[in-house]
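Please look over the sequence and the model shown here before reading on. The briefing is meant for someone meeting this structure for the first time.

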Amino acid sequence: MKHSLNQWLQKVTLHRLMPSSCRILPCVLLFGVTVHADESKLFLEKVAPILETHCLRCHYPGNEEGDVSLATPDDLRDGGYLDVRNGDQSHLLDLVEPVRAGKKPEMPEDGDPLSSEQVGVLRKWVVQGALWPEGKVLKEASQADASWWAFQALKEVSVPGVTKAPVSWKRNPVDAFIFEELQNQHLSPSVPTSRRQLIRRLCFDLTGLPPSVEQVKRFVGDPSPDAYEHLVDRLLASPHYGERWGRHWLDVIRFGESRGFERNEIIRNAWPFRDYVIRSFNQDKPLSRLIKEHLAGDQLGPNQPDVEIGTTFLVCGPYDDVGNQDPAQAAQIRANTIDEMIRASSEAFLGLTVGCARCHHHKFDPISQEDYYRWYATFAGVRHGSREIASNAEREQRKRMMEPLDAERNGLAKERERLEIVILKRAEMKKDLFAESWTRDPIKRTGVEERFEKRLAKYVRLIVEGTESNPYASSGYGIDEFEVWTPGKAGQNVASLALGGSAKGASRIAEDFVKAYSAQLTIDGEYGARWIARGSELSITLSRPTEIDRIYFSSDRGGDAGNQPVANFVSEYRLEVSSDGEQWEKVADSHDRQPVNEAHRKWRWMMMEQTSEERQQLKGLDLAIARLDRERKDVPELPRWWAGNFTGIEESTYVFIGGNPQRKGKEVVSASLSAFDTSFEGYRLDPGAAEGKRRLALANWLVSSENPLTPRVWVNRIWQKHFGQGLVSTPSDFGVMGSQPSHADLLDWLAGQLLDNGWRMKPLHKLLVMSQAYRQSSTFRADAARADADSRFLWRFPPRRLSAEEIRDSMLKVSGVLKLEMGGAGFKLYRYLQDNVATYQPLDHHGSETYRRGIYHHNARAAIVDLMTEFDCPDPAFPAPRRASTTTPLQALTLLNHSFTLDMAKALSNQLDQDSAGDEERWVTLAYSRSYGRNPTESELQKALAFKADLGGVLFCRALFNSNEFIHID
């Protein structure tokens, strides 16, 4: 039924006269009038689902490509898509109806057209006045809602009874789940693997290192039925366990030791976090505690370095530190920085891609844009950088040592300041007299000219006595051109490089481009590039003795640099010439020029007014202050580590429409994800909540015993590293775009075990590696492979290639040169060069100082590292929840020919020479047992002896390193 505007107004009046208890919630007519909500039933039940399903995918707030938003009535009205007087002629209807029979309508642009019934619903709604409930905002329906499996509470799962399973498969609950699914898939498990294969598998799995010959011998020869369990316990207690499993976690949380982006400056003090992770895993720190320390270690343990360092997690990803001066761009960069933290946190801890809701509601998972900005409000006070992290005792000790030195220095500085004030007050009264001697214009960056009586000279030098930015400094200035002219109208610049001139001067060093700031730039005839001085003198040598009478030099000849520091110029100078380079004559100086700025003026006054007694007094004070500065420098600094820096949050947080910080929408506060609100208690903080309280609230919510996702994600990551593939094969995406669990009940049962064990990993490790599923053979079976090629259901143990670190560490260990020292600053397999940008040049030769485990490599972003990069060591520009395992020709070439391989082959051969004492068969046997954990077969022995006799032991060791058996498990 169609209503006139007067009829609607009458209804509004009646509504306002009703008692409040009788009123029905209002809704909005698109033409600006409030009406009864009961008359908007058509919109809620039929129109809204059509718009949300077919239109909101493109036409949401902030999407410029969508032209208009259909999320609110204001958007539709302002966009001109509805005709106020003639509703059935509205442009909205034109878009969804075909122009003529058989032709597809303009909208929806993608997908099937609306059905005639749906178009009829829209037409009826528009003709009736386009009622829209007040405050109702439409959003595209995600593919999943809060009923998605990953959001459900952990199930109470009973271990299945598997009566048909072999006896050995009935002892471990894990095996019961695996065997039951194997039966469902009509598959059977494999036989147990050999002890030699098992110890090699387990040692790499838990420590990342191959077993020694002695370890293999002891385990294989131990008749005890508990031998394997004892081996498991020893390896879990090994300090190398933390190095291995810490590396897994550092991959997941994108730990890198350079800043990334175009500058990519190295970070030299992030390694304490890497050591903290290794310690935490070795201590079997509860994962709930680890998560809380990562997000809010400063709140849990202020002035406790081993706790506070956990906040490095927040800032160990890449960030843009260029420092854009445009406010809009700076805001966008800041938004990108916080987005990186949100993505890293949500994917690592929850296995959810919350970052996909930055510009619009998540297309697939029940995560709204408001959810995203609740986390944005949580991280809004986090900044990247270094800060002091020390205990109270360390702070007190430094304070006791520094206080007397600071007090003495401050006293001397005040005494010097008082003396300067006295001198400057006297000079102030003589300023006009002083100014009379400053007859020439001040120095200009665009050019300084000095004329003098012609001189015969072969050498010319500029001696700087002060700079524009600091009149007391005589270095750090720039000169783009320095010209020396012969007399007359046809004079020549004889300093020019083209005429045989040369220039010398201490320069700023750019290792990646040696001549970037060379003094030669001052005579190349080109402007823009400039010599950046690291000394007070520029010397020019002419091609031959020549008569000259003019010098012209500048730091910004074209005036393009403006007031940028790169064009910092001299403020005080003198020019000298010489015919022999020994005897020098001054031909000009700046002393009669006007000062370039107020600081320079006061410096001049000081130089001109101070008496000899005052000069000596100032010199004595300067020497005493310099002595104290040296003593202060000798006091050990408090540790400064790369970790989260935290500032108060003064501004409210808003939804950024379309992800644009310049388009602010609804205000939000720090809160938990709304999809979990019906399953367990969340949190919602006040708008003014303290910065640290926000992060701590998120951490507590993540590790709540009622949060089902965090333990699921953790046990899945552990399973993945033991069996090669997670129960959920997308370890950082448990949403719709991720995979479904292969063993859903087992996943929940393991998550419950993690909680029952107080969030500790080592009991879970032991449970998994003690299972028969883990201990079975990896032998290929064609019939089973046809049904399950990836062995996702574990009919065999999945074989794998070693990771890049495992390959390198193994080569070092079997060669007898691996240094097992733990912790501290890492080694570098590249040469680091830095100027405005950073360059990482791979080293051709890896010295013995690099013979440490791979986890201690200084892992910079965008740094190609021979061997490591070839074997898929991930770039920490992004999280790597699952490493790739590629096969490329470059891998074979590197493993065969790189100097590291050659060095390791020589070291192994030499070690075998010593240990075999000339016994060739023993030499070969030791080579096999160290490299493969087994003895050679008779056939292998004879072939190896012949090979070694023909080509030598070093080449044989190179062949071992290049074999599949060396770089693969099983």
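What follows describes the domains, the strand pairing and two helix contacts.

This is a predicted model, and its chain is divided into domain 1 (2-141), domain 2 (169-243 + 763-790), domain 3 (286-385 + 677-716 + 729-735 + 743-756), domain 4 (439-594) and domain 5 (900-969). Taken over C-alpha atoms, the centres of domain 3 and domain 5 are separated by 50 Å.

**Strand pairing around β6**

- Strand β6 (residues 448-467) runs antiparallel to strand β11 (residues 537-554), and twelve bridges join the two.
- Within the pairing with β11, A457 stands opposite T546, while R451 has R550 as its bridge partner in β11.
- Strand β6 is also joined to strand β12 (residues 570-578), again in the antiparallel sense, by eight bridges, and the bridge partner of G466 in β12 is E572.

**Further partners of β11**

- Strand β8 (residues 481-485) pairs with β11 over five bridges in the antiparallel sense, and V484 stands opposite I551 in β11.
- Strand β9 (residues 502-504) likewise pairs with β11 in the antiparallel sense, over three bridges, with I540 in β11 as the bridge partner of A503.

**Helices α11 and α12**

- The axes of helix α11 (residues 271-282) and helix α12 (residues 287-300) come within 11 Å of one another and cross at roughly 165°.
- Because angles over 145 degrees count as roughly antiparallel, α11 is described as roughly antiparallel to α12, and the crossing of α11 and α12 is right-handed.
- On the α11 side the contact is made by F273, Y276, S280 and F281, which meet L290, E293 and H294 in α12; by class, this contact of α11 with α12 has four nonpolar, two polar and one charged residues.

**Helices α27 and α29**

- The axes of helix α27 (residues 804-814) and helix α29 (residues 899-916) come within 8 Å and cross at roughly 30°.
- Because angles under 35 degrees count as roughly parallel, α27 is described as roughly parallel to α29.
- The residues R808, M811, L812 and V814 in α27 meet F900, T901, M904 and L908 in α29, and by class the contact of α27 with α29 has six nonpolar, one polar and one charged residues.

Terms used:
Residues are numbered from 1 along each chain as its sequence is written. This is a predicted model: local features need pLDDT of at least 70, side-chain atom pairs count only at pLDDT 80 or more; totals for chains, interfaces and linings use all residues. Side-chain values use heavy atoms; hydrogens and water are left out. Axes are lines fitted to C-alpha atoms, for helices over the stretch in contact, and angles run from 0 to 180 degrees between N-to-C directions. Helices (H or I, at least four residues) and strands (E, at least two) are DSSP runs, numbered from the N terminus. Angles under 35 degrees count as roughly parallel, over 145 as roughly antiparallel, 65 to 115 as roughly perpendicular and the rest as oblique. Contact means heavy atoms within 4.5 Å. Ala, Val, Leu, Ile, Met, Phe, Trp, Tyr, Cys and Pro count as nonpolar, Asp, Glu, Lys and Arg as charged, and the others, Gly among them, as polar. Two strands pair if DSSP finds at least two bridges between them. Domain bounds come from an automatic or database domain assignment. A crossing is left-handed if the near helix is turned anticlockwise from the far one by less than a right angle, and right-handed if clockwise.
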